[in-house]
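Biologist: I'm in my first year and still learning to read protein models. Please take me on a close look at the largest nonpolar core, and then show me what lies around it.

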Amino acid sequence: MKQESDGAEAEGAIMKPLIGITMNLEEQPARNLNILDQDYGKAVAQAGGIPVPILGIDGSIPDIVKRLDGFLFTGGDDIHPKFYKEKPLPGAKITFSPDARTRFEIDLLKAATKAKKPVLAVCLGTQLVNVALGGSLYQDILLQIPDAIKHGASKPGEQVFHPVDVLEGTMLHDIMGAARVPRVRSGHHQSIKNPGKGLRLSAVCTDSVIEAMEGHDRNFLIAVQWHPEKTPQDQYTRKLFKALINAAKK
């Protein structure tokens with residue numbers, strides 16, 4: 001929650017916005033663990049925000065949305081196709097994210113957007129936004145889009161990069177200030193198929209795979225399929241996270 005800072009030097013200044021960051025869920029026999037890649041928090045801090053990890057505890061959403069100024073929906077494993085009324089495709093290489101995480105984040109996303117809090121979504125977060133708003137996914141890019149380029153690592157430690165084209169007239173184009181981001185870090189094997197209600201296309205890869213979506217209205221809702229937190233010194237990464245922080249200050 002934004003507040004006035006104490007002290008004469010900071011009199012009248014606004015405190016850094018609190019940015020809630022979703023976390024992976026690891027379900028174990030005796031306990032459930034929330035886990036977060038620190039790179040997300042570092043990107044928020046670098047842009048001028050305060051990272052606040054969000055535990056996926058049912059019932060906490062109203063207070064979370066009330067107290068925090070913006071939200072970052074992070075990457076992870078795959079949403080079960082039942083959430084967009086499909087069955088797992090034979091041959092698709094799917095690693096399911098826990099249903100509890102999916103349900104919690106769908107509820108959080110809906111509450112955050114209803115409260116008009118700014119949202120930035122990354123990779124799985126983008127797919128989560130799309131599914132939450134009634135959209136569907138390609139379960140396996142290589143299986144369903146034969147001419148697609150490589151979008152994710154095929155072996156541990158591999159890093160995959162490719163350009164994305166940003167559509168003119170979109171909020172993302174205004175943020176990036178360019179029609180092409182020449183190099184983004186890619187780590188996904190699923191992608192948007194049918195966009196959810198209230199979303200519009202804002203960036204594509206050279207193979208036409210959807211790389212970014214955004215809300216139709218003026219509220220800040222940007223969802224990118226790549227991993228900007230993994231390229232912290234990139235000018236476009238800095239612009240993207242700075243835009244989230246600026247929106248959270250309003």
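Modeller: Happily; we will start with the core and then move on to a buried residue, the empty spaces and two loops.

This is a predicted model, in which local features need pLDDT of at least 70, side-chain atom pairs count only at pLDDT 80 or more, and totals for chains, interfaces and linings use all residues. Residues are numbered from 1 along each chain as its sequence is written, and side-chain values use heavy atoms, with hydrogens and water left out.

A nonpolar core is a set of buried Ala, Val, Leu, Ile, Met, Phe, Trp, Tyr and Cys residues joined through side-chain atoms within 4.5 Å. Buried means under 20% relative accessible area, exposed means over 50%, and partly exposed lies in between (1.4 Å probe, protein chains only). In soluble globular proteins, nonpolar side chains tend to be buried together.

The largest core here has 33 residues, and the members that touch the most others are Leu 72, Leu 120, Leu 172, Phe 220, Ile 222 and Trp 226. At least two core residues come from each of β1 (18–21), α1 (38–47), β6 (119–122), β8 (160–166), α6 (171–176), β9 (180–186), β13 (221–224) and α7 (235–249). Of these elements, α7 gives the largest share, eight residues. The names follow DSSP runs numbered from the N terminus: helices are H or I with at least four residues, strands are E with at least two.

Now zoom in on Ile 222. Setting aside residues up to four places away in sequence, Ile 222 touches Val 119, Leu 120, Ala 121, Met 171, Leu 172, Ile 175, Met 213, Glu 214 and Leu 240. There is also a second, separate core of 28 residues, with Tyr 84, Leu 108, Val 119 and Ala 223 among them. Contact, by the way, means heavy atoms within 4.5 Å.

Next, find Thr 74, in the loop between β5 (70–73) and α3 (99–114). Thr 74 counts as buried because its relative accessible area is 2%. Beyond its neighbours within four places in sequence, its contacts include Ile 21, Tyr 40, Arg 101 and Val 122.

What about empty space? On a 1 Å grid over the protein atoms alone, a cavity is a set of points where a 1.4 Å probe fits but cannot get out, while a pocket is an open set with protein on both sides within 12 Å along at least five of seven lines; lining residues have an atom within 4 Å of a point. The structure holds one cavity of 30 Å³ or more. The largest cavity holds about 40 Å³ of space, and its lining is made of Val 181, Arg 183, Val 184, Trp 226, Thr 231, Asp 234, Tyr 236 and Thr 237. Both β9 and α7 give two or more residues to that lining, and β9 gives the most, with three. Trp 226 thus brings us back to the core, where it is one of the residues touching the most other members.

The largest pocket holds about 880 Å³. Its lining has 37 residues, and Gly 152, Ala 153, Gly 187, His 188 and His 189 lie nearest its centre.

Finally, look at two loops. Lys 116, between α3 and β6, has a positive phi of about 60° although it is not a glycine. Ser 208, between β11 (199–205) and β12 (210–215), also has a positive phi, near 75°. Lys 116 is exposed because its relative accessible area is 60%, and Ser 208 is exposed at 59%.

How values were computed:
Points joined across faces, edges and corners; volume = space filled by probe spheres on them.
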